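Reader: I should like to study a protein model with you, step by step. May we begin with the model itself in view?

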Amino acid sequence: MIRKDQAAGVLIGHLEGITFIDSRGDGRYFISNGKDQALKLWDIRKMSSGANCSMPMKSNWDYRWMEYPRHARNLCHPHDQSLTTYRGHSVLQTLIRCYFSPAHSTGQRYIYTGSHDNCVYIYDVVSGAQIAKLDCHQMPVRDCSWHPFYPTLVSSSWDGLVARWEFPGKDNVPPLSKNLGSLEDQMIRSIYL
């Protein structure tokens, strides 16, 4: 029996604080962005009860004003329960958000996130590969949003700019049959002040 003050289950994997979570909307999968510079995919069915939640390491860094320790960049939790870990973007100075791409236009095939290095990163959910790095901002990209029906992604940054990224072509949705390894080349950028 679960007490009122007890978690129903625990998923272990991040080494530092979690900055954002997004649900796939299917009651099974969600993603989380962490200060350990990792984005993780989770399956709620793998949740354990009574798991040891203690942190395997304790670092003395502050994400608000320090770089993440180089020696810790590729460390993994010894009991990591995540399905996949995505790396490349950075979560520093602010709580950077992450999302699944829209179901209608992409079948939620991608995960995307802003980054402290002024870019938007797009990862393939299944392979974990980084398929795009969208670069136009001069300061950290805290948030971005992919239109649910149109081939448009918008990013916002501390630089005061809102950038709109569009897939070229006549179709209303990005082509899924193509290898989107060249997604950066397929996107057109327009900037608004």
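Reader: How many residues lie between S1 and S2 in their hairpin?

Author: This is a predicted model, in which local features need pLDDT of at least 70 and side-chain atom pairs count only at pLDDT 80 or more, while totals for chains, interfaces and linings use all residues. Residues are numbered from 1 along each chain as its sequence is written, and side-chain values use heavy atoms, with hydrogens and water left out. Strands are DSSP runs of E of at least two residues, and helices are runs of H or I of at least four, numbered from the N terminus. In the turn of the hairpin, Gly 25 has a positive phi of about 85 degrees, and the number of residues between S1 and S2 is five.

Reader: In which sense do strand S1 and strand S2 pair?

Author: Two strands pair if DSSP finds at least two bridges between them. Strand S1 covers residues 18-23 and strand S2 covers residues 29-34. They are joined over five bridges, and the sense is antiparallel.

Reader: Which residue in S2 is the bridge partner of Phe 20?

Author: Phe 20 falls within strand S1, residues 18-23. Its bridge partner in S2 is Asn 33.

Reader: Is Asp 43, the salt-bridge partner of Arg 45, buried or exposed?

Author: A salt bridge is a side-chain nitrogen of Lys or Arg within 4 Å of a carboxyl oxygen of Asp or Glu; for Arg 45 and Asp 43 the closest N and O atoms are 2.7 Å apart. Buried means under 20% relative accessible area, exposed over 50%, and partly exposed in between, with a 1.4 Å probe and protein chains only. Arg 45, at 49%, is partly exposed. Asp 43 has 6% relative accessibility, so this residue counts as buried.

Reader: What N to O distance is found in the salt bridge of Arg 64 and Asp 62?

Author: Arg 64 counts as exposed because its relative accessibility is 54%. Asp 62 counts as buried because its value is 17%. Their side chains meet in a salt bridge with an N to O distance of 2.5 Å.

Reader: In which strand is Lys 133, the partner of Asp 117?

Author: The closest N and O atoms of Asp 117 and Lys 133 are 4.0 Å apart in their salt bridge. The pair links distant parts of the chain, 16 residues apart, with Asp 117 in the loop between strand S6 (110-114) and strand S7 (119-124). Lys 133 is in strand S8.

Reader: How many salt bridges does the structure hold?

Author: Those of Arg 45 with Asp 43 and of Arg 64 with Asp 62 are among them. The number in the structure is eight.
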